[in-house]
Amino acid sequence: MGHVLSESQIKTYRDNGFLVAEGLLDGDLVDRARRVVDDLLSGPGLNSVAETEPGDASKARRIWAPTSRDKVFAELAEHPVLLDAVADLIGEDLVLQYSKLNVKAPHVGSVVEWHQDFAYYPHSNTDLVAALVYLDDATRENACLRVAAGSHRKGLLSHEVDGYFGGKIVSLDGVGVAEATVQDCPGPAGSVVFLHPLVVHASEQNRSDRYRRAFIPAYRASDAFPLYYGPHAAHNEPTAKLVRGKVSKTARTEAGDWRLPLAAAEFNSLFEIQEGAHLRSGHKAATGYFSHEVDSDAPAGSAL
């Protein structure tokens, strides 16, 4: 268990709520992961393993729990260098909370609206971090991540639309986040963007002819416990796994009021609720969420 991040990098994360660590992971392992993704995306039954683009069912936009799909993603999520870096940010006792693979297909790549991860998964404290591992070179042209620097210091911001959790921040200005703080997070394949759970971030449509795929394992300190077990959040817990250190027998709490993500209707994915599809269809979309993959007959206006 060594220190991977410098004091300057850790300070950057603390000050800005994110850190881009270029070339952090081994190129051969990243290449293997990219080949596995190629196979997943080209194989039969894509909609059984992925949430597909609403305008083109032949293209995926997200694969949930890739660590359950192939061992290469488990190797990445538990890579000593990555765990060392996460430990530098939130301590040695680490739980792998969930994993996902965001797929930005060329000329499609669904938009991810401004949001904070903590809005979806509030916990007893904010020692959580998502590690966005670029599997392809990421630039503004193919929709690298965009982050509002310092926004994590503003606390949990409103993600409501028409009085219910809408999974997005409708306007940065409306929640006091200045457009001038927004920074692009480009990086070559193998780079990792570490995200504080309260930092505001988004990504645009991929307008290039290149993929921008990112594997995202999310971690939490072992003494950070979920405050909300609604359908879209509870499916993380059966596979949450201690990956370093020891299990906590106590929940460490931070002072504050955390809004719960109570939506107007159940939803399966960030894309679905940000686009309002959970209200239009009256049932949850197919996303490949394993045991969580069930249709809901609940009317669109019913609360959780």
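Seven aromatic pairs are counted in this predicted model. One of them joins Trp 64 and Tyr 98, whose ring planes stand at 15° with centres 5.5 Å apart, so the pair is stacked. Trp 64 belongs to strand E3 (residues 56–64) and Tyr 98 to strand E4 (residues 94–104), and the pair links parts of the chain 34 residues apart.

**Aromatic rings**

- Trp 64 has a relative accessibility of 5% and therefore counts as buried, the limit being under 20%.
- Tyr 98 is buried as well, because its relative accessible area is 7%.
- A further aromatic pair, Tyr 120 with Phe 165, is edge-to-face, with 85° between the planes and 5.1 Å from centre to centre.
- Tyr 120 is in helix H6 (residues 117–120) while Phe 165 is in strand E9 (residues 164–165), so this pair ties together parts 45 residues apart in sequence.
- Tyr 120 and Phe 165 are both buried.
- Ring pairs connect Trp 64, Tyr 98, Tyr 120, Tyr 121, Phe 165 and Phe 267 into a cluster.
- Tyr 211 has a charge over its ring: the charged end of Arg 213 sits 4.5 Å from the ring centre.

**Nonpolar cores**

- In soluble globular proteins, nonpolar side chains tend to be buried together.
- The largest nonpolar core here holds 42 residues, and Phe 194 and Tyr 219 have the most contacts inside it.
- Helix H5 (residues 80–90) supplies the largest share of this core, with seven residues.
- A second core, separate from that one, has 37 residues, including Tyr 121, Ala 130, Ala 214 and Ala 224.
- Apart from neighbours within four places in sequence, Tyr 219 is in contact with Ala 77, Leu 82, Leu 83, Val 86, Ile 90, Val 95, Leu 96, Gln 97, Leu 128, Val 129, Ala 131 and Val 243.

**Helix H5**

- Nine of the eleven residues of H5 are buried, so the helix is mostly covered, buried meaning under 20% relative accessible area.
- The buried residues of H5 are Leu 82, Leu 83, Asp 84, Ala 85, Val 86, Ala 87, Asp 88, Leu 89 and Ile 90.
- Among these buried residues, Leu 82, Leu 83, Val 86 and Ile 90 are also contacts of Tyr 219.
- Gly 91, just after H5, takes a positive phi of about 105°.

**His 201**

- His 201 is part of strand E12 (residues 201–203).
- This histidine is buried, because its relative accessible area is 5% and the limit is under 20%.
- Its side chain makes a polar contact of 3.3 Å with the side chain of Asp 117.
- A polar atom of the His 201 side chain also lies 3.0 Å from the backbone oxygen of Val 199.
- With neighbours within four places in sequence left aside, the contacts of His 201 are Glu 113, Trp 114, His 115, Gln 116, Asp 117, Leu 145, Arg 146, Val 147 and Leu 195.
- Asp 117, the polar partner of His 201, falls within the residue range of helix H6 (residues 117–120).

**Ser 191**

- Ser 191 is in the loop between strand E10 (182–185) and strand E11 (192–195).
- With a relative accessible area of 0%, Ser 191 is buried.
- The side chain of Ser 191 reaches the backbone nitrogen of Gly 23 at 3.1 Å.
- Beyond residues up to four places away in sequence, Ser 191 touches Ala 21, Glu 22, Gly 23, Leu 24, Leu 132, Val 133 and Tyr 134.
- Gly 27 is 164 residues from Ser 191 along the chain, and the C-alpha atoms of the two are separated by 9.7 Å.

**Cysteines**

- The structure has zero disulfides.
- The closest cysteine sulfur to that of Cys 144 is in Cys 185, and at 6.6 Å the two are too far apart for a bond, because a disulfide needs sulfur atoms within 2.5 Å.
- Cys 185 is likewise in no disulfide, its nearest cysteine sulfur being that of Cys 144.
- Cys 144 is buried, with a relative accessible area of 1%.
- Cys 185 also counts as buried, at 1% relative accessibility.

Technical notes:
Residues are numbered from 1 along each chain as its sequence is written. This is a predicted model: local features need pLDDT of at least 70, side-chain atom pairs count only at pLDDT 80 or more; totals for chains, interfaces and linings use all residues. Side-chain values use heavy atoms; hydrogens and water are left out. Helices (H or I, at least four residues) and strands (E, at least two) are DSSP runs, numbered from the N terminus. Buried means under 20% relative accessible area, exposed over 50%, partly exposed in between (1.4 Å probe, protein chains only). A polar contact is a pair of N or O atoms within 3.5 Å; within protein, one must be able to donate a hydrogen and the other to accept it, and residues adjacent in sequence count only if both atoms are side-chain atoms. Contact means heavy atoms within 4.5 Å. A nonpolar core is a set of buried Ala, Val, Leu, Ile, Met, Phe, Trp, Tyr and Cys residues joined through side-chain atoms within 4.5 Å. Rings of Phe, Tyr and Trp (its six-membered ring) pair if their centres lie within 6.5 Å; planes under 30 degrees apart count as stacked, over 60 as edge-to-face and the rest as tilted. A charge sits over a ring if NZ of Lys or CZ of Arg is within 6 Å of the ring centre and within 35 degrees of the ring normal.
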